[in-house]
Amino acid sequence: MGHRQPSDYESVTPARRFVPARADAPGATSPVSDWPLPPSLDQAEGVLNFAATNTDETTPRQTSTTAPAQPTDGRTDNAKTNSPSVLLLNRRGHLFTFIGLFTFTVVLYFRPYELMPALSSFTSMAFAIAVPTLGIFLITQFMLEGNLTTRTREINLVLLLVGTALLSIPLALNRGEAWDEFNGTFIKAVLMFIVMVNAVRSERRLRALLWLALAISCFLAVNAISDYRAGRLNDMGERVAGAVGGMFGNPNDMALHLVTMVPIAVVFFLVRRNPLAKLLYAICAVLLVAGIVVSFSRGGFLGLVGAGGVLAWKLGRRHKLAVGLSVVLAIGAFVALASGDYGARVSTITNVSSDLTGSSSQRQAILIRSIQVSLRHPLFGVGMGNFHIVSIHELVSHNAFTQVSADLGLTALVLYVWFIVAPLRALRRIERETFAARRTTRFYYYFAVGLQAALVGYMVSSFFASVAYNFYVYYLVGYAVCLRRLYEAACAGEAQAASAQATNAESATVIADASATITRDETAPESSPPYSERYA
């Protein structure tokens, strides 16, 4: 089959179940790990191209030990494009889809029509970008793999969650509100999650999305600190508001996002070797913590404790002294940044009577009511976005988990929790498998740890915010799924390369033995005829 030019329509289907190559297998190269891993995706590309062109069992083995086939820059003659290593070989697939996803995320985060007066009338900018992005994605995906999306466990779970939301609409207390909630942020978040899982197929693309998330986080933190110092507070005159509206307009929601980004900043600090880059990410982490403090969010404080605890627990296994000192310094910095009012507000978590605003006791009452509603409507709930109808004073649940159970039923709650826990288990596996070789697999090891901490921070903080239908968790789970797919593809490609090397070594041995036999037969003297024949 002739070569084809690389394009946006290049396929990838990751392995459903990955079995890493053992260190004692032929061709293994890493003495410090049970399975060899490439130090980066870029360095592995040439090896994987060679592997992809030498492992097709339908073609005869090479009978020469000359140089292997040259890399094909993304082109392959192998018609079987479902190998996990195709993710590395064809990293340019879904290029235009990713550009659309990245642009949509920029608009989602920064909301330029709020920051630039000239764009104030273009409030539908995100929608205008999302529609062509989805169109490009569907066409590309169908031409790539003949389907609408890859079917990871997380995608299956989120599709089931969408199904339960649709079933709840006809039975909702207010069908119009249920449809508006479904057709609002929720379905957009789900669609962009699916696009991300399919389009992010290289380490560079994943880093780009994470850098973008850190950029908006630092922007929010700097503005929150500036507003707090200048006394620019919200309408109630109590707390700072987000620099932009939308998903960051509420200080609790802004703090939740900053909590999930603190582990990412720490991971970038650990992964980078350049001292200036390390300094930059350290400053970023400190800014995010300061932004959480000035938000006066109790849920943000608890989420930061949860995320920091996961980081300290996992990174401190071999560096207990260093991590212990880091924790002490972090606590000292946190105490220094926090004002006396912040300490008083945090104390209301355990001492409800000391909360002069009455919000703590009110949250407790709403939590109890949301649990009662969940138990009274266990199948389909009261309808998406309808809990406020049966709540206290028309208030929302302020809890992502009871928000789902009260709105959509207990089945939806199980799907929602499973959707978050499933990538945690996969990240834990990556962390365990790359721990021994973390010096050469820094990207996979540290980001597996960081994303676990981010998800735990989200779970803790979302216990105090109604954010189940917003973008936060769908982007976090999307990062985790993309990391897992990249890891499995890299490992499968390395195992494929080792198999190809073993096959070539076996062929070389057979050829050498055959050559030696032929040489020995040609140089051996002819045997003399029998005596009876010589003197006949």
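## Worked exercises on a predicted model

Ser462 has 0% relative accessibility, so this residue counts as buried. The model is predicted. The exercises below start from Ser462 and move outward.

### Exercise 1: The surroundings of Ser462

Place Ser462 in the fold and list its contacts beyond the local sequence.

*Solution.*
Step 1. Locate the residue. Ser462 belongs to the loop between H18 and H19.
Step 2. Drop the neighbours within four places in sequence; Ser462 then contacts Leu256, Asn399, Ala400, Phe401 and Val467.
Step 3. Follow one of these contacts, Phe401. Phe401 is in helix H16, residues 400–408. With 15% relative accessibility, Phe401 is classed as buried.

### Exercise 2: Classify a ring pair

Find how the rings of Phe401 and Phe463 are arranged, and say which parts of the chain they link.

*Solution.*
Step 1. Count the aromatic pairs. The structure has 25.
Step 2. Take the geometry of Phe401 and Phe463. Their ring centres are 6.3 Å apart and their planes meet at 45°, so the pair is tilted.
Step 3. Place the partners. Phe401 lies in helix H16, and Phe463 in the loop between helix H18 (442–461) and H19. The two are 62 residues apart, and the pair links distant parts of the chain.
Step 4. Check exposure. Phe401 is buried at 15%. Phe463 has a relative accessible area of 40%, so Phe463 is partly exposed.
Step 5. Look for a wider group. Ring pairs join Trp179, Phe182, Phe186, Phe193, Phe419, Tyr469 and Tyr474 into a cluster.

### Exercise 3: Salt bridges between helices

How many salt bridges are there? Trace those that involve Glu154 and Arg429.

*Solution.*
Step 1. The count is seven.
Step 2. Start with Glu154. Its salt bridge partner is Arg484, with the closest N and O atoms 2.8 Å apart. Glu154 sits in helix H6 (residues 153–168) and Arg484 in helix H19 (residues 471–523), so the pair ties together parts 330 residues apart in sequence. Both Glu154 and Arg484 are buried.
Step 3. Turn to Arg429 and Glu433. Their closest N and O atoms are 3.5 Å apart, in a salt bridge. Both residues lie in helix H17 (residues 410–434), four residues apart, or about one turn of the helix. In general, an α-helix has 3.6 residues a turn, so residues three or four places apart point the same way.
Step 4. Find the other partner of Arg429 here. The side chain of Arg429 also meets that of Glu488 in a salt bridge, at 3.0 Å from N to O. Arg429 is in helix H17 and Glu488 in helix H19, so this pair ties together parts 59 residues apart in sequence.
Step 5. Check burial. Arg429 counts as buried at 19% relative accessibility, where the cut-off is under 20%. Glu488 is buried too, at 6%. Glu433 is also buried.
Step 6. Look for a network. Salt bridges link Lys314, Arg428 and Glu431. The charged end of Lys314 also sits over the ring of Trp313, 4.6 Å from its centre.

### Exercise 4: Test the length of H10

Does the span of H10 agree or disagree with 1.5 Å a residue? Describe the two ends of the helix as well.

*Solution.*
Step 1. Helix H10 covers residues 275–295, which is 21 residues.
Step 2. Use one less than the number of residues, times 1.5 Å. The expected span is 30 Å.
Step 3. Compare. The end C-alpha atoms of H10 are 30 Å apart, which agrees.
Step 4. Inspect the start. A side-chain oxygen of Asn274 comes within 2.8 Å of the backbone nitrogen of Leu276.
Step 5. Inspect what follows. Phe296 comes after H10, with a positive phi near 55°.
Step 6. Check burial along H10. Buried residues include Ala277, Tyr281, Cys284, Ala285 and Leu288.
Step 7. Note a charge over a ring. The charged end of Lys278 is over the ring of Phe269, 4.6 Å from its centre.

### Exercise 5: Thr149 in its loop

Is Thr149 buried or exposed? Which residues does Thr149 touch?

*Solution.*
Step 1. Thr149 lies in the loop between helix H5 (125–145) and H6.
Step 2. Its relative accessible area is 12%, so Thr149 is buried.
Step 3. Set aside residues up to four places away; Thr149 then touches Gln141, Ile155, Ile194 and Asn198.
Step 4. Take Ile194. Thr149 and Ile194 are 45 residues apart in sequence, with C-alpha atoms 7.2 Å apart.
Step 5. Take Asn198. The side chains of Thr149 and Asn198 make a polar contact at 2.9 Å.

Conventions:
Residues numbered from 1 in each chain as written. Predicted model: local features only at pLDDT ≥ 70, side-chain atom pairs only at ≥ 80, totals over all residues. Heavy atoms only, no water. Buried < 20%, exposed > 50% of the residue type's maximum accessible area, 1.4 Å probe, protein only. Polar contact = N/O pair within 3.5 Å; in protein donor to acceptor, adjacent residues only side chain to side chain. Salt bridge = Lys/Arg side-chain N within 4 Å of Asp/Glu carboxyl O. Phe/Tyr/Trp six-rings, centres within 6.5 Å; stacked < 30°, edge-to-face > 60°. Lys NZ or Arg CZ within 6 Å of the ring centre and 35° of its normal. Contact = heavy atoms within 4.5 Å.
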